[in-house]
Amino acid sequence: MSEERFGEFVLVRRHGPVVELVLDRPKAMNAVSTEMARSLAGACAALAGDREARVVVLTSSHERAFCVGADLKERNSFTDAELVRQRPVARGAYTGVLELPMPTIAAVHGFALGGGFELALACDLIVADRTAVVGLPEVSVGVIPGGGGTQLLPRRVGAARAAELIFTARRVEAAEAAGLGLVDQVVEEGRDREEALALGARIAANSPVGLRAAKRALRLGHGLDLRAGLEVEDAAWRAVAFSGDRAEGVAAFNDKREPQWPGE
């Protein structure tokens, strides 16, 4: 296992083809400051171009929180002009996670609120332990979800459910969160990271070319009418149909052996 640090607050830890992207600002419960946002965007940019990374798992180094959202102490010190200048930096962190081309999994325990929950929503799958508490409380402090929450949450749970959660600013505990579809899997306390990494390993056993193309088709096709969505799928299929991974996958199946994916 190798490690690489991006700034003071973001750590990239490699477990073979599964890469762990660690939110590592425990003294502030991983509140996203300007510096942390910049580091997270930088780490995501590096991972996006890494052909060895097949799955990314977003985790937290804090024992009682995944991420409590934006650093409101820092925000309180900003002038209006400084807040305007900081906005693209903040957005870069959320879009960095959202636009990773490989499958992504968030491992959530404790508080995942506001921007913290938005980082999880930016992932394809969310594994939460029983201590998880999620929510988008932004309207209670005079703003709105600005890290993708108003767009990502309704895509998960539908427009009316998302409206209720955003308008009330309420916090949702793990069991209810699973029932509402806010998280995908609830595991025993303290097991979110291990279970997410295990899920990542199962996913990473498949074709990296296929995984990226499947994610692209899922993301681009969402919200389109069926005819347009099927064209997105066809384009993704054509991108993999003549790949080395496809040739190896078919050969391995016929030879009754495990595939050795070339990843191209």
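Trainee: Why does Asp50 count as buried in this predicted model?

Mentor: The relative accessibility of Asp50 is 14%. Buried means under 20%, so Asp50 counts as buried.

Trainee: What makes Asp50 and Arg14 a salt bridge?

Mentor: The closest N and O atoms of Asp50 and Arg14 are 2.7 Å apart. The cut-off is within 4 Å, so the pair is a salt bridge. Asp50 lies in the loop between helix H1 (34-48) and strand S4 (55-60), and Arg14 in strand S2 (residues 10-15), so the pair ties together parts that are 36 residues apart in sequence.

Trainee: Is Arg14 buried or partly exposed, and why?

Mentor: Arg14 has 25% relative accessibility. Partly exposed runs between 20% and 50%, so Arg14 counts as partly exposed.

Trainee: How do you know that Arg170 and Glu164 form a salt bridge?

Mentor: Their closest N and O atoms are 2.7 Å apart, and the definition asks for within 4 Å. Therefore the pair qualifies.

Trainee: Why are Arg170 and Glu164 called partly exposed?

Mentor: Arg170 stands at 26% and Glu164 at 27%. Buried would need under 20% and exposed over 50%, so Arg170 is partly exposed, and so is Glu164.

Trainee: Which residues are joined into one network by salt bridges that share partners?

Mentor: Glu3, Arg13, Glu20 and Arg193. Within it, Arg13 pairs with Glu20, with 3.3 Å between the closest N and O atoms. That is within 4 Å, so the contact is a salt bridge. Arg13 and Glu20 are both buried.

Trainee: How many salt bridges does the structure hold?

Mentor: The structure holds 16.

Technical notes
Residues numbered from 1 in each chain as written. Predicted model: local features only at pLDDT ≥ 70, side-chain atom pairs only at ≥ 80, totals over all residues. Heavy atoms only, no water. Salt bridge = Lys/Arg side-chain N within 4 Å of Asp/Glu carboxyl O. Buried < 20%, exposed > 50% of the residue type's maximum accessible area, 1.4 Å probe, protein only. Helix = DSSP H or I, 4+ residues; strand = E, 2+ residues; numbered from the N terminus.
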